[in-house]
Structure formats: structure tokens, C-alpha cells
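Please walk through the structure below with attention to how its parts are arranged.

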Amino acid sequence: MNIFETHAHLDFPQFNKDRNELLQKCFREDVKYIINVGVDAKSCKASVKLAEKYENIFASVGYHPHDAKDFDLMLIEKLAKHKKVVAIGEIGLDYYRNLSPRDVQKNVLRKQIELALKIDLPIIIHDRDAHADIYEILTEYNPPKVVFHCFSGDEVFAEKIIEKGWFISLTGTVTYKNSHLENVVRMVPKDKFFIETDSPYLSPVPKRGKRNSPLNLRYVIEKIADIKRLPPKMIAEMSFQNAENFFLKKA
Ligand code: NI
């Protein structure tokens, strides 16, 4: 089985003690590719470094809405031209924590969508309690390749995204007891979803509360397989194909 981890933060300090051992274990245990996602200047640079060091790791660069107030367009544009950078992200709006003012978040989101279009890279969206505003801003530009990372909307919102030709990405949150994602998982077409961990966060059941890692993707796969009534291997393959086409092949 080949697994494509589409969203992890393996440069974060939670992995400082065992990063290399963990990655070697991931690569031995079916995780074929990993996208390491930047959120600010430091993590974007670290993501590119990690991608330089490991053949099967790729990087995404961008300013998370929490860090929008420190946005440095020149830095992101420079890093985005690196041959192992495969996306702009994670970018978006976060109205739950509001760590940057909303106007700043929106402005920085627009600047990064414009950059992604200019240099022809896919976009990884972070959307927390901001579905309507993100959708509105994205439709001003209609970028061809967009994924809503850690999708948290309902099936009506999922339908709107899929109609646009965009993707949704599912994390360990699908395994949570209070998850509202069952209908979304059931309706999402086979060619419109990816899987991810968002490591070190969002550990799936039965690992909740512990540090997450790409090794836990199997729990996400099993839950999706269970809801969709398909073999886990098929879920892994579908999401692998979708992610490979989206991130690693030029349209
Ligand atoms: Ni993330």
C-alpha cells in the first residue's frame, strides 16, 4: 500500500528528538510521499530544508492566517521557486483565534493567491470558522488547484468546493466521536479527496492526546474505508493518486 501524507509539520520542535528515525520508519511503513507545510518564515525555510534532505519530502510555503501580520511576500516568492516546493500554503482565514486582524488576514490571503497563480502552484487552504469569506475570496480569482486542508464544513459546503473542481482533505478529526464529517466522507467523490495528519496535531482515535505522526494515517484510512464501505487499500490508493496528480504533476 502506498500512502501520501499531504499535510504535516515535521520541522516543528515536537520532532527534534527523533525526526530522522521517525521519517525512516514512515518510509519503511508505506508512507511514500510527505508534503511538509510552512506557516511562517521560520517553518517555510525549515520545510524547504527538510525537502532538500529527503527525496520523498516536498514543501509548501506560505503564511498561516495566525502569522499574517508578519507576512513577507518576497521571502515566500523566493522560496516558492525552489524545485521541491509544490504548493502555496497553508494560507487562509482563522476567525476562531483571530491572532491577526481579519483585514490583514484577508489581504495576505489575496496576495498569496495572486502569487500562486503567477507561478502556477496549487493552494493549500486553512479555514477555521471562515467558510463564506474564504469561498468569496477564492471565487474572485478561481484558481484551478485548491485543497481545503482539514476540511471542517458540512456536506453543502463540500458540494460547493467540489463543484469548483477543488479538493477536500481529511485528517484524524474524521475518527472523533463528535465528528460531523460522516456525511462529507460519504458524499465526497473518489477523485476529490486527500488524506493528511496535520502532525504533530489532531491525532486520530485511538492515539488522541499524543503527538501525531504520518504513521497514524492508517487510522484515518480505516475510518474513511469504514464510512464509504470500501477496502482501506482502495482508500489509500485513491487519495494517493489524487494527491500525486494535484501536487506532483504539472497540468
Ligand atoms: Ni497545518
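Tyr-201 is partly exposed, with 40% relative accessible area. In this predicted model, the ring of Tyr-201 pairs edge-to-face with that of Phe-12, at 6.1 Å centre to centre and 70° between the planes. Phe-12, in contrast to its partner, counts as buried, because its relative accessibility of 12% is under the 20% limit. Phe-12 sits in the loop between strand 1 and helix 1 (19-28), while Tyr-201 belongs to the loop between strand 8 and helix 8, so this contact ties together parts 189 residues apart in sequence.

A second edge-to-face pair joins Tyr-63 and Phe-71, because their planes stand at 85° with the ring centres 5.4 Å apart. Tyr-63 counts as buried, at 4% relative accessibility. The whole structure holds 17 aromatic pairs. There is also one aromatic cluster, formed by Phe-4, Tyr-33, Phe-58, Phe-167, Phe-194, Phe-240, Phe-246 and Phe-247.

The next topic is the sheet. Eight strands make up an open sheet in the order 1-2-3-4-5-6-7-8, and the pairing is parallel. Strand 1 (3-8) and strand 8 are the edge strands, each pairing on one side only. On average, neighbouring strands are turned by 25° against each other, direction ignored. Within the sheet, strand 2 (residues 31-37) and strand 3 (residues 57-61) pair in the parallel sense over four bridges. Asn-36 stands opposite Ala-59 of strand 3. Helix 3 (residues 73-80) lies across strand 3 and strand 4, and runs at about 150° to strand 4.

The metal site comes last. Which protein residues are donors of the nickel ion? They are His-7 and His-9, each through NE2, together with Glu-90 (OE) and Asp-198 (OD), at 2.1 to 2.3 Å from the ion. The spacing of the donor residues in sequence is H-x1-H-x80-E-x107-D. Glu-90 is part of strand 4 (residues 85-94) and Asp-198 of the loop between strand 8 (193-195) and helix 8 (217-228), so these two donors tie together parts that are 108 residues apart in sequence. Both acidic donors are buried: Glu-90 has a relative accessibility of 2%, and Asp-198 one of 8%.

Why is the site of the nickel ion irregular? The angles among its four donor atoms span 82 to 175°. A tetrahedral site would need all angles between 85 and 135 degrees, so this range does not qualify as tetrahedral.

Methods. Residues numbered from 1 in each chain as written. Predicted model: local features only at pLDDT ≥ 70, side-chain atom pairs only at ≥ 80, totals over all residues. Heavy atoms only, no water. Donors = N, O, S within 2.8 Å, 3.2 Å for Na, K, Ca; no water. Tetrahedral: all angles 85-135°; square planar, octahedral: opposite > 155°, others 65-115°. Buried < 20%, exposed > 50% of the residue type's maximum accessible area, 1.4 Å probe, protein only. Pairing = 2+ DSSP bridges. Axes fitted to C-alpha atoms, helices over the stretch in contact; angles between N-to-C directions. Contact = heavy atoms within 4.5 Å. Phe/Tyr/Trp six-rings, centres within 6.5 Å; stacked < 30°, edge-to-face > 60°.
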